[in-house]
Amino acid sequence: MSTKAELNDNRFDVVKWVVVALLVSVGVFGDSYFSAEPVLYRAVALVVLGLVAGFVALQTSKGKAFWALLKEARIEIRKVVWPTRPETIQTTMIVVAVVLVMALILWGLDTFLGWIISQFIG
């Protein structure tokens with residue numbers, strides 16, 4: 001029984017994606033067609049069309065999967081242990097020091113190789 005319901009949902013997904021594409025097309029065409037109107041009105045219309053298109057897209061199976069992914073990602077972000085300010089400053093200083101050392105090494109190597117090549121050419 002559930003497979004028939006899923007099959008019907010998948011059949012309607014194509015229609016929903018067509019509606020989303022039409023809403024986006026209407027937004028793009030309307031923005032250029034009404035270019036003489038104030039930007040505020042066009043921006044509000046585009047935001048409303050975008051919200052409606054997003055709502056319709058979230059009703060599809062892929063949209064529901066995407067929404068579930070976003071919720072899971074938010075849960076995972078809450079589990080992250082963010083570094084303290086001193087840890088961040090210390091790590092930044094280490095990165096800056098390594099970059100400076102590597103820059104000096106590469107500069108020295110470039111100068112040395114340039115000197116060797118000029119000895120052969122000159």
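## The 14–34 stretch

Let's start with residues 14–34: this part of the chain is 95% helix and 0% strand, and its end C-alpha atoms sit 30 Å apart. Keep in mind that what you're looking at is a predicted model. UniProt, in an unreviewed entry, lists residues 14–34 as a "transmembrane region", along with 40–58 and 94–117.

For 94–117, the span comes out as 100% helix and 0% strand, with 34 Å between the end C-alpha atoms.

## How the chain divides

The domain assignment splits the chain into domain 1, covering 1–80, and domain 2, covering 83–121. Taken over C-alpha atoms, the centres of domain 1 and domain 2 are 48 Å apart.

## Aromatic rings around Tyr33

There are three aromatic pairs in the structure. One of them joins phenylalanine 29 and tyrosine 33, whose rings are stacked, at 5.6 Å centre to centre and with 20° between the planes. Stacked is the right word here because the planes are under 30 degrees apart. Both residues belong to helix α1 (residues 2–33), and they're four residues apart, or about one turn of the helix.

Tyrosine 33 also pairs with phenylalanine 34, this time edge-to-face: the centres are 5.0 Å apart and the planes make an angle of 90°. Put Phe29, Tyr33 and Phe34 together and you have one aromatic cluster.

How open are these rings to the outside? Phenylalanine 29 and tyrosine 33 are both exposed. For tyrosine 33, the relative accessible area is 57%, and the cut-off for exposed is over 50%. Phenylalanine 34 has 43%, so it counts as partly exposed.

## A nonpolar patch on the surface

Now over to another part of the chain. Which residues form a nonpolar patch on the surface? The members are Ile94, Val98, Val101, Met102, Ile105, Leu106, Leu109, Phe112, Leu113 and Trp115, and together they have about 980 Å² of accessible area.

Take valine 98 as an example from that list. You'll find valine 98 in helix α4, which runs over residues 85–121. Is valine 98 buried or partly exposed? Its relative accessibility is 48%, so it counts as partly exposed. That value also clears the patch requirement of over 30% relative accessible area.

Technical notes. Residues numbered from 1 in each chain as written. Predicted model: local features only at pLDDT ≥ 70, side-chain atom pairs only at ≥ 80, totals over all residues. Heavy atoms only, no water. Patch = residues over 30% accessible without salt bridge, like charges linked within 9 Å, V, L, I, M, F, W, Y side chains within 5 Å. Areas by Shrake-Rupley, 256 points an atom, 1.4 Å probe, with all protein chains shown as cover. Salt bridge = Lys/Arg side-chain N within 4 Å of Asp/Glu carboxyl O. Helix = DSSP H or I, 4+ residues; strand = E, 2+ residues; numbered from the N terminus. Buried < 20%, exposed > 50% of the residue type's maximum accessible area, 1.4 Å probe, protein only. UniProt positions renumbered as here; feature names shortened; annotations may be inferred. Domains from an automatic or database assignment. Phe/Tyr/Trp six-rings, centres within 6.5 Å; stacked < 30°, edge-to-face > 60°.
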